[in-house]
Every structure is written in structure tokens, then in C-alpha cells.
Amino acid sequence: MKMIEAKTILSKVNYGNTWYGIDYCINLYRGCSHGCIYCDSRSSCYHIDHFNIVRGKINAIQILGRELSKVRKKGVIGIGSMSDPYNPNEKEFQQTREALKLIAKYGFGVSIDTKSNMILRDIDKLKEIRKRNNVIVKFTITTPKDELSRIIEPNVCPSSMRFSALKSLTDNGIFAGITLTPVLPYITDSEEDIKELIRLASASGARFIYTDMGMTLRQNQRDDYFNELNRSFIGLKSKYIKRYGNRYFCPVPNAKRLYKVFTEECEKYGILYKMEDIINAYKKESPKIEQITLF
């Protein structure tokens, strides 16, 4: 794996309570090898050349350790916003595991985005972090169908393995659930598939599912996505152009009705789906907060 220079690893973010209650953000890798046909992170606005090639960052763990030691507010650190922290290189380089050790050492919380079941390797570190702060794990699962996930997310474990990993985490007391984004118009937006995904989520112990019932399309991301449509979903490109033109956010055609179905199914299974409720729930469970209340 090629290594690149990094002056800083930890960034302060201003999400407030709008995106999983994250206070800081780190990306230990640059680029992603999952090959998801819809990936927004390959958009040119992020200035990541050759996005499909994963690169590590020189001295990332040493830099992160220095930065964490100087931060006084022990907030929640988001990992995986731009590059999955559990890409295949992580097996050898273990930068994510080493970062989790530092997060535990300095008493921070963690919010992880991933499509990989490799996260099961680090259950011990997640439990250690949870003793002092908040932990939430978000699996991106876009379809309940393995055959479809292998087409739209070709280089990552299929949906069934992600559901299995989700169950392993929740069985170990980790607050975990699903980010159902994107929802691809004419591909993953059937009512039957949404219902089945929620059923499988419930069987896997998911505490939450969050969705916005659409996808983004901008800059070179749009070109790459349309190329994939021409390869695997013949005829859909013209439907996208006719319906969305150059719009950035593209809601599914039946978004309002489908979101109603989504919320009704989540409520039936007792699964959270509002961002505010998700944040309140996982932060309320923190042993740290209980100790502060006690003393």
C-alpha cells in the first residue's frame, strides 16, 4: 500500500445533533477499494485522485496520539466518513485498531461507518471505549439481496454478512444499526425490499435505521455512476437524465410513500429512525453519563 504524508489526522466538526452527534472526525486511509457504483466520496470536490486506490498515512497513529492528548473535550470521534476504516489493507496495517486503542486510552467516544465485517476483530476495543464514553456502529446496507449488493458494491462482503456482523455486535452490547443510504432510484427502492431489509435488521438486533430515501449525483460521480448503469442496468441512464437532470440530490420517485412504509415498519419492530432519537439513545446508554449523574 502506498503511503502519503499527513500533517493532521483529527478534525473538529460542527455537526451538532444533525449527524450522529459527532464532535470530531478522522480518516486513517485515503481512497476506498469497495468499488460501490454510487459512491459520493469520489466526487471531484473532495480532491481525491484515483479514489479506488487505498493509501495509508505516514505516522498517522503517532500524529493522532499527539492530537488526542491535547484535546480537553472528550467528544465522539467519527471514523469512516470518506474511506472505510476496514478496507482489506487494515488486516495488515491495523491503523484502525491502533486508533481505537488511543481513543480508549484518552477517553473519547467513537462513531464508526463501515461495510465490512472485519470490525468484529475489534469488539474488545469497542467494549473498552464504551466503559468511559459513547459507541455507535453504523453498517451501510443498501439492499437485502446479496446478488444485488455484489453488483452495486462489488468488493465488499455481501449484505447477509453485514447483517450477521451487526448481530454479533448487538449481541455483545454494542449500539449498532444501519445507514440505509443511498436508496438508488429504480434499483433498491421497491417497497418489498425496504420491508425485507427492516425485517432482517430487526432479526439482527439493529437499534436504528436511518435513511433519506434518495442518492446524490454530482460532478464525476455522476459520470461514473452512469457508466455503471450502462453496464449493469441497461436503459436506466436515460430515465435518470429525464427525471433528475443535473440535480445534486435525487429522491426516489416514490419517496413520500416509501418513507411512510419505512417508518411504519420501523415502528412495528421497535427500531429507531429519527436522527435525534438515535443520538439520544446511544448517548444515554453510556456508562460515563450514568457515573456523572451518580456523583
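## Exercises on salt bridges and helix packing

In this predicted model, the side chains of Asp-171 and Lys-167 form a salt bridge with an N to O distance of 2.9 Å. The exercises below begin with this pair.

**Exercise 1.** Determine where Asp-171 and Lys-167 lie, and whether each is buried, partly exposed or exposed.

*Solution.* Step 1: both residues belong to helix α6 (residues 159-171), four residues apart, which is about one turn of the helix. Step 2: the cut-off for an exposed residue is over 50% relative accessible area. Asp-171 has 54% relative accessibility and therefore counts as exposed. Step 3: Lys-167, with a relative accessible area of 37%, is partly exposed.

**Exercise 2.** Locate the salt bridge between Lys-138 and Asp-113 in the chain, and state whether its residues are buried or exposed.

*Solution.* Step 1: the closest N and O atoms of Lys-138 and Asp-113 are 3.0 Å apart. Step 2: the pair links distant parts of the chain, with Lys-138 in strand β8 (residues 135-140) and Asp-113 in strand β7 (residues 109-114), 25 residues apart. Step 3: Lys-138 and Asp-113 are both buried.

**Exercise 3.** Describe the packing of helix α7 against helix α10, and place the salt bridge of Lys-195 with Glu-191 in that picture.

*Solution.* Step 1: the axes of α7 (residues 191-203) and α10 (residues 255-269) are 10 Å apart, at an angle of about 25 degrees. Step 2: α7 is therefore roughly parallel to α10, and their crossing is right-handed. Step 3: the α7 side of the contact includes Glu-191, Ile-194 and Lys-195, while the α10 side includes Arg-257, Leu-258 and Tyr-269. By class, the contact has seven nonpolar residues, one polar and five charged. Step 4: Lys-195 and Glu-191 meet in a salt bridge of 3.2 Å, N to O. Because they are four residues apart in α7, about one helical turn separates them. Step 5: Lys-195 is partly exposed at 34% relative accessibility, and Glu-191 is partly exposed at 23%.

**Exercise 4.** Characterise the packing of helix α3 with helix α4, and identify the salt-bridge network that includes Arg-97 and Asp-124.

*Solution.* Step 1: the axes of α3 (residues 95-105) and α4 (residues 123-130) come within 9 Å and cross at roughly 20 degrees. Step 2: α3 and α4 are therefore roughly parallel, and the crossing is left-handed. Step 3: among the contact residues are Arg-97 and Leu-100 of α3, and Asp-124 and Leu-126 of α4. The contact has five nonpolar, no polar and five charged residues. Step 4: salt bridges link Glu-90, Arg-97, Arg-121, Asp-122 and Asp-124 in a network.

Methods
Residues are numbered from 1 along each chain as its sequence is written. This is a predicted model: local features need pLDDT of at least 70, side-chain atom pairs count only at pLDDT 80 or more; totals for chains, interfaces and linings use all residues. Side-chain values use heavy atoms; hydrogens and water are left out. Axes are lines fitted to C-alpha atoms, for helices over the stretch in contact, and angles run from 0 to 180 degrees between N-to-C directions. Helices (H or I, at least four residues) and strands (E, at least two) are DSSP runs, numbered from the N terminus. Angles under 35 degrees count as roughly parallel, over 145 as roughly antiparallel, 65 to 115 as roughly perpendicular and the rest as oblique. A crossing is left-handed if the near helix is turned anticlockwise from the far one by less than a right angle, and right-handed if clockwise. Contact means heavy atoms within 4.5 Å. Ala, Val, Leu, Ile, Met, Phe, Trp, Tyr, Cys and Pro count as nonpolar, Asp, Glu, Lys and Arg as charged, and the others, Gly among them, as polar. A salt bridge is a side-chain nitrogen of Lys or Arg within 4 Å of a carboxyl oxygen of Asp or Glu. Buried means under 20% relative accessible area, exposed over 50%, partly exposed in between (1.4 Å probe, protein chains only).
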